[in-house]
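Have the sequence and the coordinates open side by side. The report below goes through the fold from the inside out.

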Amino acid sequence: MRESLYNNKCMSSESAFGELEELADLFRKLASPIRLAIIMQLAKGAKCVHELVEELDQSQPLISQHLRILREANLVIAGRRGREMVYHLMDDHVAHIVHDGYHHTLEDHT
């Protein structure tokens with residue numbers, strides 16, 4: 001379906017708009033500077049909450065709240081490392097979306 005969307009073959013079909021609604025929902029879930037920063041940090045490798053708190057200079061409850069949203073969106077996975085929960089990205093697609101969007105904002109569009 002991805003190629004057909006890029007080629008505009010199925011843009012008017014209900015299934016294509018359904019997939020676009022899912023994509024829009026993904027962007028809504030990413031529409032927070034803190035969540036974007038978490039994604040960027042996790043793109044470098046798995047991290048514990050306390051590492052994200054330190055690196056992003058935000059409170060632990062705030063980081064945990066945003067991690068919960070990212071987990072519910074299936075963007076981040078949690079696992080155990082000893083007594084600590086370790087978070088990592090579900091896959092590289094998420095990192096690419098954020099990376100490409102970030103670099104797009106840095107380009108001169110005038």
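What follows covers the core, a surface patch, the salt bridges and the sheet of this predicted model.

**Core**

In soluble globular proteins, nonpolar side chains tend to be buried together. Here, the largest nonpolar core holds 19 residues. Which of them touch the most other members? They are Ile38, Ile39, Ile63, Leu67 and Val76. Several elements supply at least two residues each: helices H2 (14–30), H3 (33–43), H4 (49–56), H5 (60–72) and H6 (92–106), plus strand E3 (84–89). H3 gives the most, with four residues.

Take isoleucine 38 as a probe of the packing. Neighbours within four places in sequence are set aside here. Ile38 is then in contact with Leu52, Leu56, Ile63, His66, Leu67 and Leu70. Two of these contacts, Ile63 and Leu67, are themselves listed with Ile38 among the residues that touch the most other core members.

**Surface patch**

Met40, Tyr102 and Leu106 form a nonpolar patch on the surface. Together they have about 290 Å² of accessible area. Methionine 40 lies in helix H3, the helix that gives the most residues to the core. Is Met40 buried, partly exposed or exposed? Its relative accessible area is 33%, so Met40 counts as partly exposed.

**Salt bridges**

Side chains of opposite charge can pair when their charged atoms come close. A search of the whole structure finds six salt bridges. The table gives three of them.

| Pair | Closest N to O distance |
|---|---|
| Lys29 and Asp25 | 2.7 Å |
| Arg68 and Glu72 | 3.2 Å |
| Arg81 and Glu51 | 3.8 Å |

Start with helix H2. Lysine 29 and aspartate 25 both lie there, four residues apart, about one turn of the helix. Lys29 is partly exposed, at 25% relative accessibility. Asp25 is also partly exposed, at 30%.

Helix H5 holds both arginine 68 and glutamate 72. They too are four residues apart, about one turn of the helix. Arg68 has a relative accessible area of 42% and is partly exposed. Glu72 reaches 55% and counts as exposed, because the cut-off for that class is over 50%. Elsewhere, salt bridges that share partners join Glu21, Asp25, Arg28 and Lys29 into one network.

What does the salt bridge between arginine 81 and glutamate 51 connect? Arg81 lies in strand E2 (residues 76–81) and Glu51 in helix H4, so the pair ties together parts that are 30 residues apart in sequence. Arg81 is partly exposed at 42% relative accessibility. Glu51 is partly exposed at 25%.

**Sheet**

Strands of a sheet pair through backbone hydrogen bonds, either parallel or antiparallel. In this model, three strands form an open sheet. The order is E1-E3-E2, and the pairing is antiparallel. Which strands stand at the edges? They are E1 (47–48) and E2. Each has a single partner strand, so one side of each is left without a neighbour in the sheet.

Two bridges join E1 to E3. In one residue pairing, lysine 47 has tyrosine 87 in E3 as its bridge partner.

**Taking the parts together**

Strand E3 pairs within the sheet and also supplies at least two residues of the core. Helix H4 likewise supplies at least two core residues, and its Glu51 forms the salt bridge to Arg81 in edge strand E2. Helix H3 gives the most residues to the core, while its Met40 is part of the nonpolar surface patch.

How values were computed
Residues numbered from 1 in each chain as written. Predicted model: local features only at pLDDT ≥ 70, side-chain atom pairs only at ≥ 80, totals over all residues. Heavy atoms only, no water. Core = buried A, V, L, I, M, F, W, Y, C linked by side-chain atoms within 4.5 Å. Buried < 20%, exposed > 50% of the residue type's maximum accessible area, 1.4 Å probe, protein only. Contact = heavy atoms within 4.5 Å. Patch = residues over 30% accessible without salt bridge, like charges linked within 9 Å, V, L, I, M, F, W, Y side chains within 5 Å. Areas by Shrake-Rupley, 256 points an atom, 1.4 Å probe, with all protein chains shown as cover. Salt bridge = Lys/Arg side-chain N within 4 Å of Asp/Glu carboxyl O. Pairing = 2+ DSSP bridges.
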